[in-house]
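This report looks at one helix, its surroundings and the sheet beneath. The model discussed is predicted.

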Amino acid sequence: MYDFRKKCVSLDRLIGTFCAIPHPVAVEVTAASGVDFLCIDWEHSQIGRERIEDLIRAADVHKVPAMVRVPGHTPEWIAAALDAGASGVLVPRISTAEQARMAVMASRYPPAGARGVGPGRAAGYGYRIPDYLKSANETLAVAIQVETAEGLANIDDIVQVDGVDVIFIGPGDLSVSIDAMGPAGQDRLNAAIVRIAAAARAAHKAVGIFRPSADDIGKWSKHGISFYMLASDTMFLGAGLAAGAASARSAS
């Protein structure tokens, strides 16, 4: 849907953001902003499974692909997000090649995977199952998040897993895991990011990363990173209001 997977693997520069506000209005407003995609954050927000379909519908209003960051590796979580009509999944805390293979298996129908067939929203509540089965394996994006010291150590094996479309770097958790928090650890963290990106590109995988602002996207693009998750709806809300309030107070 929306050629989202094709754009990911074609290394088009894609700019998205996390959606953590559990209301369709927030998603619809964010989708109207001009971003290339949204990622509904089921892992780190108060969004429940029963709400995901409504949030994806809100993104569909503006024809913006919505992927879902699932809470973990469980196949049922991945299937639930895709059955709801997500354009792809972001699977967190992938530290081994076997975990990456399990994420792919849960995202693909047989023979490429082990996803179960069901009458969810994506399949027209059962009325379009044959059509959906024909296209799902080719159109749904699978992104895995490398954000641990173990994942960094295993990166050469992880990037070789067939069916993974995007190797997504989580700098926050990675910095904690490799003891590289704060200014003192910046060089160590940057070296880890470069290492992951280089391994992924050598394996012809797209590379993604979370950035709190757009200030250094040009820098990371030089390392082959093309898929950017820029802050979140809550971060933009807070920053925008803070800037507006400060400007109002200083107005003469």
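Gly85 comes after helix H4 and has a positive phi, near 105 degrees. The helix itself spans residues 75–83, and the sections below treat its burial, its packing against a neighbouring helix, and the strands it lies across.

**Burial of H4**

Ile78, Ala79, Ala80, Ala81 and Leu82 are the buried residues of H4. Their cover includes two strands, S3 and S4, together with helix H3 (49–61), H5 and helix H6 (129–139).

**Packing of H4 and H5**

Two numbers describe a pair of packed helices: the angle between the axes and the distance between the axes. For H4 and helix H5 (residues 97–107), the angle is about 40 degrees and the axes are 9 Å apart. An angle from 35 to 65 degrees falls outside both the roughly parallel and the roughly perpendicular ranges, and H4 and H5 are therefore oblique to each other. The crossing in which H4 passes H5 is right-handed. On the H4 side, Pro75, Ile78 and Leu82 make the contact, and on the H5 side Ala103, Ala106 and Ser107 do so. Five of these contact residues are nonpolar, one is polar and none is charged. Two of the H4 contact residues, Ile78 and Leu82, also belong to the buried set of that helix.

**The strands under H4**

H4 lies across S3 and S4, and its direction makes an angle of about 150 degrees with S4. Strands in a sheet pair through backbone hydrogen bonds, in a parallel or an antiparallel arrangement. Strand S3 (residues 66–69) and strand S4 (residues 88–91) run parallel and are joined by three bridges. Two of the bridge partners are listed here.

| Residue | Bridge partner in S4 |
|---|---|
| Val68 | Val89 |
| Arg69 | Leu90 |

In a regular strand, side chains alternate between the two faces of the sheet. Is S4 covered on one face or on both? Both faces are covered: Gly88 and Leu90 are buried on one side, and Val89 and Val91 are buried on the other. Val89 and Leu90, the partners in the table, are thus on opposite sides of S4.

**The barrel**

S3 and S4 are members of a closed barrel of eight strands, in the order S1-S2-S3-S4-S5-S6-S7-S8, with parallel pairing. From one strand to the next, the twist averages 25 degrees.

Notes:
Residues numbered from 1 in each chain as written. Predicted model: local features only at pLDDT ≥ 70, side-chain atom pairs only at ≥ 80, totals over all residues. Heavy atoms only, no water. Axes fitted to C-alpha atoms, helices over the stretch in contact; angles between N-to-C directions. Helix = DSSP H or I, 4+ residues; strand = E, 2+ residues; numbered from the N terminus. Parallel < 35°, antiparallel > 145°, perpendicular 65-115°, else oblique. Left-handed = near helix turned anticlockwise from the far one by under 90°. Contact = heavy atoms within 4.5 Å. Nonpolar A, V, L, I, M, F, W, Y, C, P; charged D, E, K, R; others polar. Pairing = 2+ DSSP bridges. Buried < 20%, exposed > 50% of the residue type's maximum accessible area, 1.4 Å probe, protein only.
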